[in-house]
Each structure stands twice: as C-alpha cells, then as structure tokens.
Amino acid sequence: MSFASDVRGELARLKTEDLCCARSELAAALLASGGIAWRGRSRYALSITASDAATVRRFFGMLKRHWGITGQIRALSGDALNNQVRYQLAIPEEASLGLLQALGLLDENGLFGLAEVPKPEITGYACCKKAFVRAAFLMCGAVMPPDRGYHFEIALPKQSLAERVAECLGYYEIVARITGRKNRFVVYLKRAEDISDALTLLGASSAVLAFENVRVRKEVSNQVNRQMNFDASNINRVVEAAEAQIRDIRYIDSELGLEKLPASLRDMAYVRANNPEMALSSLGELMTPPLGKSGVNARLRRLTEIADKLRSGEEIRLGGRRAPKDD
Ligand SMILES: [Zn+2]
C-alpha cells in the first residue's frame, strides 16, 4: 500500500461527524469527483466515484444516517488505459434535488441551475472547513511518501473549487498554492511542516506519526551531512593554508635565507615547515616561549608578507633593519 492510500484509508474510516460537517464533506465529494450530471428540467444524477471502497462506503453511511438515503454501490472495471477498479456510489434520482438543496449546491444563475462551489454557509464553521478539505482529498488527493520528498496535492476539476479548498486550509494557517495542470486546478503544499499540519488537520493521525518519523530521521541525517561537509571543508581550508605557509617559508629560505629573519620569525618558520599538519595552537606550544594561537597567526602572516614582498621585489624591513635583498 502506498502512503497516499494509507492516508486515504485512515481518513475514510474516521467517525462521521455532525450534520454540518457531513453536508460539507458530501458537497466537496460530489464536486471533486465531478458527480453531478444534469438530466434536464431540475433532474440531476448524483454519484461519487473513488478508487477505494472505504471512501465510497463512508459517503454511503453518511447519506443513510443523515438523510435516510440509500445509495447503490457498484464496482466499475478499469478501461484499457487504466486497469484499476473504481467504486461508484449512485444516489437515487428522486433524492437528488433535495440533497443538492441541502448541500447548498443549487444556484438559479449557474449553469444548469448548479453552483460551482457550495454556498458559503456550508463551509462556514471551522469544523466544516476541515471536513470540506478532507472530502476533496479523499476524492482527488495525493501525498508523496516523506522518504521520497514533500508534496501534498488535491487536483480539482474547477478553479473556484480549488480556491475554496485553499481558503479552508488558509483558515488554519496552512498556506497552499494553486497551479494548473492539464484540465485540473491543483492545490498543493511543498513544506514538510505544512503537509504534516494538513494531515493532522484532516485527522490522519497514524499517517502523521509515520510522516514525522521519516521527517525527523531525514532532518537528523541532513544535519549530520551538513556537519560532515562543514568539517571536511574546514580541514581542507586548514590544509591549504598550511601548504601556502610552507611554500612561503621555502621561498624566503631560497631567496633570503631563513637565518636572516629575526629569531622570532625564524623559529616560527622552522616549526611550521617541520609540522605541516599541525594546528596553529599546537604549533604555538612548540615555540620557546610558547605562543598563543593569535601570536602564531600573526607571525605566519608576517612570513607571508615577507614572501610576497620578495616575490614583487619590494623592500623588506626586518626588525627595523634594512635587509639586503641579494647577498
Ligand atoms: Zn461542521
């Protein structure tokens, strides 16, 4: 089973809530699954189609409990392209008009007397906003398993519907984006935190646990990798600095002779050249008298300056005396 179908399975089995939420869920399910067909003259055929039986059973139970309507469930075999069985809940035609009315889906100015989104009061309460997103996800949702990446989406047939779903998420401070894909309007989340919040909001608590486990594991290993990369690049920097210092010291030795340097610099040059891999603080301990890290640093910088001046032919002043460039 995929992570997405685990989430759907969990949501489909949640206890159905109050009438207000059942209304909101059913409205979303009908719109998201494109299950409202006009049959002429205020006659409509309503159905809800889903890829899993549990989702269809959820709406079957809801209709029965809250409206006393007995739907009919049947399995639709897949076509040549998509070999997946789908399940359809058909609502008796004589119940359709009353149900559309109850769900706030009739609009005398709309095409075929239908609204693209339910009347605002259907998703008015906080609990009903949650229910609306849940049903939209059950019908058209997908979520990537967290070990593969972070992506949550609900791909809806109408822009107005996508906007209502995003609005409902926004009420809970989950900021979703909408993008077009083929003839769908996709409400999506990319941040792990938002996806986790959305799953929590919809009521998929076991899926949230699984999601968080992977997410924490990933973040820890990212941190470890970052730390290791940081350490490696630090080591590289130290090694490169030491190599450059030793090059400078050799250059001074060949051009000027280390013995011409003041004792403090000459000792530093010997200690550095003989211990190419040693850290600055340890180099300091080899000096007599011992030097701190900043003292070591200052002397090494001075050696580099001398080497640079030798390279460019500039005059060098050592300990206040003028040092002859050629001897
Ligand atoms: Zn409600």
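These legends describe close-up views of one predicted model.

**View 1. The chain is divided into two domains.** Domain 1 covers residues 3-203, and domain 2 covers residues 237-322. The centres of domain 1 and domain 2, taken over C-alpha atoms, are 74 Å apart.

**View 2. An open sheet is built from four strands.** The strands are arranged in the order 1-2-4-3, and their pairing is antiparallel. Strand 1 (36-40) and strand 3 (72-76) are the edge strands, each pairing on one side only. On average, neighbouring strands of this sheet are turned by 25 degrees against each other, direction ignored. Strand 2 and strand 4 are joined by five bridges and pair in the antiparallel sense. One pair of bridge partners is Thr-49 with Gln-88, the latter in strand 4.

**View 3. Strand 1 and strand 2 form a hairpin.** The two strands run antiparallel and are joined by four bridges, with strand 2 spanning residues 43-50. Two residues lie between the strands. Arg-41, in the turn, has a positive phi of about 50 degrees. Gly-40 has Arg-43 of strand 2 as its bridge partner. Trp-38 stands opposite Tyr-44, which is also in strand 2.

**View 4. Side chains alternate along strand 2, and helix 4 lies across this strand and strand 4.** Tyr-44, Leu-46, Ile-48 and Ala-50 point to one face and are buried. Arg-43, Ala-45, Ser-47 and Thr-49 point to the other face and are not buried. Helix 4 comprises residues 93-102, and strand 4 comprises residues 86-91. The helix runs at about 90 degrees to strand 2.

**View 5. Helix 5 packs with helix 6.** Helix 5 spans residues 126-140 and helix 6 spans residues 159-171. Their axes are 9 Å apart and meet at an angle of about 130 degrees, so the two helices are oblique to each other. The crossing of helix 5 and helix 6 is left-handed. On the helix 5 side, the residues in contact are Ala-126, Lys-129, Phe-132, Val-133 and Ala-136. On the helix 6 side, they are Val-165, Cys-168, Leu-169 and Tyr-171.

**View 6. Ala-155 is a buried residue of strand 6.** Strand 6 runs over residues 152-156. Ala-155 counts as buried because 20 C-beta neighbours lie inside 10 Å. Leaving aside neighbours within four places in sequence, Ala-155 is in contact with Cys-140, Arg-181, Arg-184 and Val-186. Asn-183 is 28 residues from Ala-155 along the chain, and the C-alpha atoms of these two residues are separated by 9.4 Å.

**View 7. Glu-173 and Lys-182 have positive phi values without being glycine.** Phi of Glu-173 is near 60 degrees. Glu-173 lies in the loop between helix 6 and strand 7 (177-181). This residue is exposed, with 8 other C-beta atoms within 10 Å. Lys-182 has a phi of about 50 degrees. Its loop is the one between strand 7 and strand 8 (184-189). Lys-182 also counts as exposed, because it has 6 C-beta neighbours inside 10 Å.

**View 8. Helix 8 packs with helix 11.** Helix 8 is formed by residues 205-255 and helix 11 by residues 293-312. The helices pack at an angle of about 55 degrees, and their axes are 9 Å apart. Helix 8 and helix 11 are therefore oblique to each other. Their crossing is left-handed. Helix 8 contributes Gln-245, Asp-248, Ile-249, Tyr-251, Ile-252 and Glu-255 to the contacts. These residues meet Leu-300, Leu-303, Thr-304, Ile-306, Ala-307 and Leu-310 in helix 11.

**View 9. The peptide bond from Thr-288 to Pro-289 is cis.** Omega of this bond is near -10 degrees. Pro-289 is located in the loop between helix 10 (280-285) and helix 11.

Notes
Residues numbered from 1 in each chain as written. Predicted model: local features only at pLDDT ≥ 70, side-chain atom pairs only at ≥ 80, totals over all residues. Domains from an automatic or database assignment. Pairing = 2+ DSSP bridges. Axes fitted to C-alpha atoms, helices over the stretch in contact; angles between N-to-C directions. Contact = placed C-beta atoms within 7 Å. Buried ≥ 20, exposed ≤ 12 C-beta atoms within 10 Å, placed from the backbone. Parallel < 35°, antiparallel > 145°, perpendicular 65-115°, else oblique. Left-handed = near helix turned anticlockwise from the far one by under 90°.
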